[in-house]
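Me: Please take a close look at a single part of this structure, the sheet and its surroundings. I would like one connected account rather than a list.

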Amino acid sequence: MGVPVAAPVVLEGIGWTIGPCDSPQRGNVQRGSREALTLIAMVRRRLGLPVGLLGTLLALPTMSGCAATGPAIGTFPGCPVPVLLSKVNRVGRKEPAPSHEAGIYAHFAARASWEKNAHSWQTDRYAYTRQTVDADTNRVVEERDIYSVVTHVITGERRTAPNRLSWLVHDLVPNNADVTASDIQLDELRVTTDFTVVGLPANSTAQPEGEQGPNNGPGDTFHAEANGSLQTLVQVRGRKVWVTP
Amino acid sequence: MGNAVKGCARVLVLVAPTLSGCVMHMHASTNIVAPDAAVPVSLSETVRDADGNLVLPDRQQVVGAYDETFHAYNIPWGIIPLHPTTDISDSVNQAVAAVNGDAITQLTVVADQCWTRGLAFFWFLPIVPSCAAYQIHGRIVRVGQATPSASATVER
């Protein structure tokens, strides 16, 4: 007869629940497979995690899975004057028609952005110790601490108003005289994508592991958290120029 | 000498947190230009004719669409852009010439994520690229006399 295995404990960590990605949501719970999360807990226990490496790794699938494409759109709907990316500024002319600067204050710089942020934290709480027993010798050959694992994710999304770039142009050409005699020349149209995950230092209430056997018990917890952001930008820089009839 | 020190310090600031495992950052960007476009390329609805008069949409006949998708990559860890500038002049000229257009209006730039986000688990490898995907849409128009909108045709 073998050594009795520890009493079964209901674990929270079974099966993946996908769904915390539709923003904005708060307090969603994501559950992972028992074995995978047990492995994570073991690694965390053994290494002590002085840095937020594991937090970073934990946040990666959250961020990459949650970050459904949300584009930033650079457009100038409803602008009364040409907003030119090309040097050619007249239909039917091969060379640019003469134009001159409208002044030092007739410049603008703006961005159209889309941004998604996520804050996730995971808490592992000691549940029980599982023992594997050799059937022939009745000796315990392996012991493994089992943890209940809960991951929380809070996400938020933010984007600029689609007409924001147009409003800037309207500020530069406020009346009919400006509309008749000026263009907007773009000096820069930049597209940028950033994906950042910051893992915060993990902390533990468990004692350091000894030489033999598990040493974690009721009340022992491990905690890791991470912040992530995903951002797309369309940045524009331009100026108003007076056109020569 | 000063620039070299500054460059090394910048690389250190960017790389050290990444290697420590606290920060993962993927960055990609490009600057879109059209210096050699043979026709006006406007992000608004209007252009100017040869006399400098505004050509509003009612004088524009839409003869085609300009649609292009580009990718810009950075390595390592987003520090070095492989495509610091994207020149769309050639594709604009080809698209406009194909339909005998006079200008492009309502140019729209859509910045988006791309496939390299799936490689985020391997961000610590310097060969893993960061990528920005972006689509550019516009209307290819022909400028003429005032044209009733009902007679405008769209060719794709």
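Reply: What follows goes from the chain to the sheet, then to the core, the contact between the chains and the confidence values.

This is a predicted model, with an ipTM of 0.78 and a pTM of 0.71. Chain B contains two helices and eight strands. Read from the N terminus, the order of its elements is α-β-β-β-β-β-β-α-β-β. Of the 156 residues in chain B, 38% count as buried. Contacts in chain B with a separation of 6 or more are 80% accounted for by residues 24 or more positions apart.

The part to look at is an open sheet of five strands, in the order E2(A)-E7(B)-E8(B)-E4(B)-E5(B), with antiparallel pairing. Its edge strands are E2 of chain A and strand E5 (80–81) of chain B, each of which pairs on one side only. Helix H2 of chain B packs on this sheet and touches E4, E7 and E8 of chain B. The direction of H2(B) makes about 155° with that of E4(B).

The pairings can be taken one at a time. Strand E4 (residues 60–75) of chain B is joined to E8(B) by 14 bridges, and the two run antiparallel. Within this pairing, Glu68(B) has Ile136(B) in E8(B) as its bridge partner. E8(B) is also joined to E7(B), through eight bridges and again antiparallel. Here Thr105(B) stands opposite Arg139(B) of E8(B). On to chain A: three bridges join E7(B) to strand E2 (residues 72–74) of chain A, and these strands too run antiparallel. The residue opposite Ile73(A) is Val110(B) in E7(B).

E7(B) deserves a separate remark. Eight of its ten residues are buried, so E7(B) is largely enclosed by the rest of the structure.

The nonpolar core comes next. In soluble globular proteins, nonpolar side chains tend to be buried together. The largest nonpolar core in this model has 52 residues. The residues with the most contacts inside this core are Val234(A), Val41(B), Val92(B), Ile104(B), Val109(B) and Ala111(B). E8(B) provides the largest share of the core, eight residues. Val41(B) shows how the chains meet there: leaving out residues up to four places away in sequence, Val41(B) touches Leu84(A), Leu85(A) and Ser86(A) of chain A. On its own chain, Val41(B) touches Ala34(B), Val92(B), Ile104(B) and Leu107(B).

The contact between the chains extends beyond the strand pairing. In total, 47 residues of chain B are in contact with 49 residues of chain A. On the chain B side, strands E1 (23–33), E2 (47–48), E7 (103–112) and E8 (130–143) each supply at least two residues. E1(B) gives the most to this side, with ten residues. By residue type, the side of chain B that touches chain A divides into 28 nonpolar, 14 polar and five charged residues.

Confidence varies along both chains. Chain B has a mean pLDDT of 79, and 74% of its residues reach 70 or more. Among the elements of chain B, the highest mean pLDDT, 95, belongs to helix H2 (residues 89–98), the helix that packs on the sheet. The lowest, 50, belongs to helix H1 (residues 2–20) of chain B. Over residues 12–21 of chain B the pLDDT is below 50, and that stretch has 16 contacts in the model beyond near neighbours in sequence. Residues 146–156 of chain B are also below 50, with 15 such contacts.

For chain A the mean pLDDT is 70, and 61% of the residues reach 70 or more. Among its elements, strand E1 (residues 25–30) of chain A has the lowest mean pLDDT, 34, and strand E3 (residues 83–84) of chain A the highest, 94. The pLDDT is below 50 over residues 1–39 of chain A, a stretch that has 76 contacts in the model beyond near neighbours in sequence. Residues 48–52 of chain A likewise stay under 50, and the model has 14 contacts for them beyond four places in sequence.

Definitions and conventions:
Residues numbered from 1 in each chain as written. Chains lettered and ligands numbered in written order. Contact = placed C-beta atoms within 7 Å. Helix = DSSP H or I, 4+ residues; strand = E, 2+ residues; numbered from the N terminus. Nonpolar A, V, L, I, M, F, W, Y, C, P; charged D, E, K, R; others polar. Pairing = 2+ DSSP bridges. pLDDT = per-residue confidence, 0-100. Axes fitted to C-alpha atoms, helices over the stretch in contact; angles between N-to-C directions. Buried ≥ 20, exposed ≤ 12 C-beta atoms within 10 Å, placed from the backbone. Core = buried A, V, L, I, M, F, W, Y, C linked by C-beta atoms within 7 Å.
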